[in-house]
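Student: I'd like a close look at one part of this model, and then a walk outwards from there. Could you take me through it in one go?

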Amino acid sequence: MANEIKVAVFGAGGTGGAIAELLLYNNFGEIALIDVNGALAEGKALDIVQAGVLTGCDSRVQGGSDPALCAGAQIVVITAGIGRRPGIAREELLATNAQIVGDICEVIKRLAPNAFVIVLTNPADILARVAWEKSGFAANKVVAQGGILDSARLATWIAALCDVSQRDVRAMILGGHGDHMLPVRQFASIHGIPASLLMTDELWQTAVERTRHGGGEILSKFHTHGAAITPAHAVVAMIQALLSPIPQLLPVSVRSAGAYGLPEDVFIGLPVKLSHKGVENVLELPLEADELAQLHRSAAILDQAFQAWRTCQSSS
C-alpha cells in the first residue's frame, strides 16, 4: 500500500517541495525532504506536514541536510542540482549536476539499496545514465522523467488548439527531454480519435513548437527558475506506477538496451511498461522512417554528451 511506502526527495527547491506536498496528499507513510540547505528542507517539511491537518492526510514528513534521512526508502527522487537559467542549455548543467547526482547515488547505494531511483535533475536523460553507473543498480530500477512531462504539455496544446477538454487528449513524446524530443503524431488522440483527423498540419506544428519550447517559455517568465508543478505531478505519476502491480504504459527515460536499434547504454525517452517490478519492458512500436531517424539523432546527441563528460572525468 502507498501509505506504507517511504519516499526520499533530494532537493527541496520548487519541484522537490511540490513533490513532497503531492506525496502528502496521496497519504504516503513517510516522506524525507533532503537538501544541502537544511533549514529550507526543514521549513518546507514543517509547512507540508501541517497542511495534513486541514486536508485529512497523515504522512510523516521530515526535512534536513542529512543524507541519512533517505535510509530505507523504497523510492528516491533526485531533483538536487543547479537549475536552468535563461540562455543556459540543459547540457551546460551536466558537469556540476553529474557530480551532485553521483554523490547522492553513493548514499542511496549504501542506505537505500533496494530503492527505485527517479532522476529529475537536468539534463535528466544523461544524469539517469550517470545514476545507473554510479549506483550499480539494475537498469530497470533507474529512470528519468521527461516524456511524461513533455507529453502533458503537448496534450495541453492539442486540447487548446482543437477546443476540446484536456481530459480527452492523449499524446506521447519520445526521445530526449527538451529540444531533441520526438512528438509522435500517430500516437496523439482525442477520445480515441486520431488527432491527425481533427488537426491540420499547421495546428500540429504549432502544438509541437509550443511544446518543444514549453520549458524555456516558463523559465523566461519566472527568470530565476523553471517549471515545478507539472514536473512534480509527472514524478508522482511515475511513483504511483512503480507501486502498482498492473503495468502502466508511459513514455519514460530508460536504458534503451538496444531497442529501436539505439546504442544499448543510452538513456532516452521510450514507451515502457512501468510497474512495481520497475521497467518491465520497452515497447518497440512502429515509427515512420523520419521519426526513427529523429529518435536516433536524439540518442546520438545524448550519447555524445555523456561520453564527453566521461572523457573529462578520466582526464581530471
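Which element gives the largest share of the lining of the second largest cavity?

Tutor: That's β8, which puts three residues into the lining. Keep in mind that we're looking at a predicted model. Let's start with the cavity itself and then move outwards.

The structure holds two cavities of 30 Å³ or more, and the second largest has about 30 Å³ of space in it. Its lining is made up of Asp-125, Gln-145, Gly-146, Gly-147, Asp-150, Ile-173, Leu-174, Gly-175, Gly-176, His-177, Ser-253 and Gly-269. Two elements give two or more residues to that lining, namely α5 (147-162) and β8 (173-175). Sorted by class, the lining comes out as eight polar, two nonpolar and two charged residues.

One name on that list, Ser-253, leads us into β12, which spans 248-255. Val-254 sits in strand β12 too. Is Val-254 buried or exposed? Buried: its relative accessibility is 2%, and the cut-off for buried is under 20%. Leaving out neighbours within four places in sequence, Val-254 is in contact with Val-143, Val-266, Phe-267, Ile-268, Leu-270, Val-272, Val-279 and Val-282. Asn-281 is 27 residues away from Val-254 along the chain, with 9.8 Å between the two C-alpha atoms.

Now step past the end of the strand. Ser-256 belongs to the loop that runs between β12 and β13 (267-275). Ser-256 has a relative accessible area of 2%, so this loop residue counts as buried as well. What does Ser-256 touch, not counting residues up to four places away in sequence? The answer is Leu-262, Pro-263, Glu-264, Val-266, Ile-268 and Leu-270. Val-266, Ile-268 and Leu-270 also turn up among the contacts of Val-254.

Next, the pockets. β12 is one of the elements supplying at least two residues to the lining of the second largest pocket, along with α5, β7 (169-170) and α8 (229-242). In that pocket α5 gives the most, with five residues. The volume is about 580 Å³, and of the 18 lining residues, Ile-148, Ser-151, Ala-152, Arg-170 and Ala-171 lie nearest the centre. By class, this lining has 12 nonpolar, five polar and one charged.

α5 also helps line the largest pocket, where α1 (14-25), α3 and α7 (214-222) each supply at least two residues as well. This time α3 gives the most, with four residues. About 960 Å³ of space lies in the largest pocket. There are 40 lining residues, and Thr-79, Ala-80, Gly-81, Ile-82 and Gly-83 lie nearest the centre. The classes here are 17 nonpolar, 17 polar and six charged.

Last stop: α3 and its partner. Helix α3 (residues 94-111) packs against helix α4 (residues 124-135) at an angle of about 35 degrees, with the axes 9 Å apart, and the crossing is right-handed. On the α3 side, the contact uses Leu-94, Asn-97, Ala-98, Val-101, Gly-102, Cys-105, Glu-106 and Lys-109. α4 answers with Ile-126, Leu-127, Val-130, Ala-131, Lys-134 and Ser-135. The residues of this contact split into eight nonpolar, three polar and three charged.

Terms used. Residues are numbered from 1 along each chain as its sequence is written. This is a predicted model: local features need pLDDT of at least 70, side-chain atom pairs count only at pLDDT 80 or more; totals for chains, interfaces and linings use all residues. Side-chain values use heavy atoms; hydrogens and water are left out. Buried means under 20% relative accessible area, exposed over 50%, partly exposed in between (1.4 Å probe, protein chains only). Contact means heavy atoms within 4.5 Å. On a 1 Å grid over the protein atoms alone, a cavity is a set of points where a 1.4 Å probe fits but cannot get out, and a pocket is an open set with protein on both sides within 12 Å along at least five of seven lines; lining residues have an atom within 4 Å of a point. Grid points are joined across faces, edges and corners, and a volume is the space filled by probe spheres set on the points. Ala, Val, Leu, Ile, Met, Phe, Trp, Tyr, Cys and Pro count as nonpolar, Asp, Glu, Lys and Arg as charged, and the others, Gly among them, as polar. Axes are lines fitted to C-alpha atoms, for helices over the stretch in contact, and angles run from 0 to 180 degrees between N-to-C directions. A crossing is left-handed if the near helix is turned anticlockwise from the far one by less than a right angle, and right-handed if clockwise.
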